Amino acid sequence: MPQSFLSAVTPAPSPAPINWAAIEGYCRAILPARGVVAARQELLSYDCDGLTLHRWQPPLVVLPETTEQVAALVRLCHREGVPFVARGSGTGLSGGAVAETPALVIATTRMRQVLAIDLANRRITVQPGVINSWVSRAVAGDGFYYAPDPSSQVVCSIGGNVAENSGGVHCLKYGVTSNHVLELEVVLPDGTVTTLGSGLAETPELDLRGVFIGSEGTLGIATAITLRLLRAPASVAVLLADFSSMEAAAEAVRGITAAGILPAGMEMMDHLCIEAVNDYLGEQEYPADAAAVLLVELDGQETEVTLALQLASDCCRQAGARSLRQARQADDRARLWQGRKSAISALGRRFPSYYLQDGVVPRSALPAVMRAIGELSARYGLPVANVFHAGDGNLHPLILYRSGDPAVEERVQELAAEILRLCIDAGGSISGEHGVGNDKRCYMDWMFNPDDLATMVLVRQAFDPQALANPNKIFPTPKTCAESARRQVELPQLAQVDLF
């Protein structure tokens, strides 16, 4: 950081105590009675997101239904110095949508309107609480769909997808959320309503739209989101291959991509996951004795798909596939995908406590990394189930354990940290689509030096100089991470920078 900037840094004042009874009264003046959640037993629903290891019950939750209500609530927070946390469906997996320190939770779950459909320009505009799968459902009859499809797509919200820059099964070919968001209506942390982006795929101005996507609620709250729609492909095929080892399945992934094939999606599950899914579905959908299965989806024109399917099958056989199964009809394809889409639910039924991580490695490193994760699992004495986006190296290891024992929970987090370190050492990243939140903030300096982190903080503070929007997320600080164990980034106090 430049010395001239450092000389302007001033210590942060100690925050004044918040009168939550008064804040509740102000919120009730903005929202209808059903829009304020204050009863302790009802607030329990908001004490965690999909990462259940850590829980913090918020003092107050509000449920706005319009942009105007969101803006009024954020202006209230700005005026009173109240931190706020934006929350969608609560399916995130990084502890990003929780009030770790007392904060007003602004949940967008009642903002579920499709605001406009523009098929001529292949666009749809929705409120942030619209569920991911509803977008494709709204335009399927006209031959269109929305490509990003997280495994939780039947429950996760578009607003949450924007906050985390979520991916999904088809991100290998079609990209993640940022590739499909054209425009955002955003309430900034001072309550100002603005527009980021222009509704076009490519524009010459500063890409503040791209800055906002994936910012995990630290730059404001999106209240209307314009998405890009795609034409449904003419032909789709799914290939299921099973293997006697995870390494062999990973080698098939490497071989398919090396052959120049670009699948729409390429997913892998290990034996523990296969066993749980078969039990969950009540049938042997996947070979019960397989160490791993690989699902490859191919789409495009009929001839293209047929040739790619044959070539992908050859690559799987060369890698040691024991058997292959092809599906061309919609019902057959859906049956093969059903197990993958329900994998985490299936594992959750057998193991009520799990810790899901989200590292990324180069595809060429998959065989070695999968072997190393198995060795770490054995060393820690904790089972690890693997179900992940193999095509882009986005791993989702689930560490399975019995909750209630602090010693076990500490060991779980140590194992998770080792897996993330393994990913970084292989040339990868600590997150592919789940974000950093409060779960992985203490590992950010494994990837970025202090100057890099301080520059990121400058961007955040240009939007939110008071640091009210989703505080204590993403960045390591002495308060949130053990200072003796990791480098810390100084959070400077700045005068507001007007970008708009």
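Which residues touch the most other members of the largest nonpolar core? They are Phe-243, Ile-256, Met-268, Leu-294, Cys-316, Leu-395 and Ile-399, out of 51 residues in that core. Welcome to a predicted model, in which local features need pLDDT of at least 70 and side-chain atom pairs count only at pLDDT 80 or more, while totals for chains, interfaces and linings use all residues. Residues are numbered from 1 along each chain as its sequence is written, and side-chain values use heavy atoms, with hydrogens and water left out.

**The nonpolar cores**

- A nonpolar core here is a set of buried Ala, Val, Leu, Ile, Met, Phe, Trp, Tyr and Cys residues joined through side-chain atoms within 4.5 Å.
- Buried means under 20% relative accessible area, exposed means over 50%, and partly exposed lies in between (1.4 Å probe, protein chains only).
- Ile-256 is a good place to start looking: setting aside neighbours within four places in sequence, Ile-256 is in contact with Ile-261, Pro-263, Met-266, Leu-294, Val-296, Ala-312, Cys-315 and Cys-316. Contact means heavy atoms within 4.5 Å.
- There is also a second, separate core of 27 residues, which includes Leu-93, Val-169, Ala-290 and Val-293.
- As background, nonpolar side chains tend to be buried together in soluble globular proteins.

**Strand S4 and its partners**

- Helices (H or I, at least four residues) and strands (E, at least two) are DSSP runs, numbered from the N terminus.
- Strand S4 covers residues 104-107, and both of its faces are covered. Leu-104 and Ile-106 are buried on one side, and Val-105 and Ala-107 are buried on the other.
- In a regular strand the side chains alternate between the two faces of the sheet.
- S4 pairs in the parallel sense with strand S2 (residues 60-62) over three bridges, and also in the parallel sense with strand S3 (residues 84-87) over four bridges. Two strands pair if DSSP finds at least two bridges between them.
- Ile-106 in S4 is a handy landmark: Val-62 stands opposite Ile-106, and so does Ala-86.

**Helix H5**

- Helix H5 spans residues 132-139, and its buried residues are Asn-132, Ser-133, Val-135, Ser-136 and Val-139.
- These buried residues cover an arc of only 150° around the axis, so they sit on the same side of H5. The arc is that of the directions from the helix axis to the C-beta atoms.
- Among the elements that cover the buried residues of H5 are strand S5 (114-118), strand S6 (123-126), strand S7 (144-145), helix H6 (158-164) and strand S10 (221-228).

**Salt bridges**

- The whole structure has 21 salt bridges, each a side-chain nitrogen of Lys or Arg within 4 Å of a carboxyl oxygen of Asp or Glu.
- Arg-441 and Glu-100 meet through their side chains in one of them (2.8 Å, N to O). This pair links distant parts of the chain, 341 residues apart: Arg-441 is in the loop between helix H15 (406-425) and helix H16 (450-463), and Glu-100 is in the loop between S3 and S4.
- Arg-441 is buried, with a relative accessible area of 5%, whereas Glu-100 is partly exposed at 21% relative accessibility.
- Arg-350 and Glu-275 form another salt bridge, with their closest N and O atoms 3.3 Å apart. Arg-350 belongs to helix H13 (residues 343-350) and Glu-275 to helix H10 (residues 271-281), so the pair ties together parts that are 75 residues apart in sequence.
- Asp-242, Asp-289 and Arg-322 are joined into one network by salt bridges that share partners.

**Asp-358, a buried acidic residue**

- Asp-358 lies in the loop between strand S16 (353-356) and helix H14 (366-380), and counts as buried at 0% relative accessibility.
- The side chain of Asp-358 makes a polar contact with the side chain of Asn-394 (2.8 Å), and a polar atom of the Asp-358 side chain lies 2.9 Å from the backbone nitrogen of Gly-432.
- A polar contact is a pair of N or O atoms within 3.5 Å; within protein, one must be able to donate a hydrogen and the other to accept it, and residues adjacent in sequence count only if both atoms are side-chain atoms.

**Two positive phi angles**

- Asn-165, in the loop between H6 and helix H7 (171-174), has a positive phi near 55°.
- Asn-470, in the segment after H16, has a positive phi of about 45° and is buried, with a relative accessible area of 1%.
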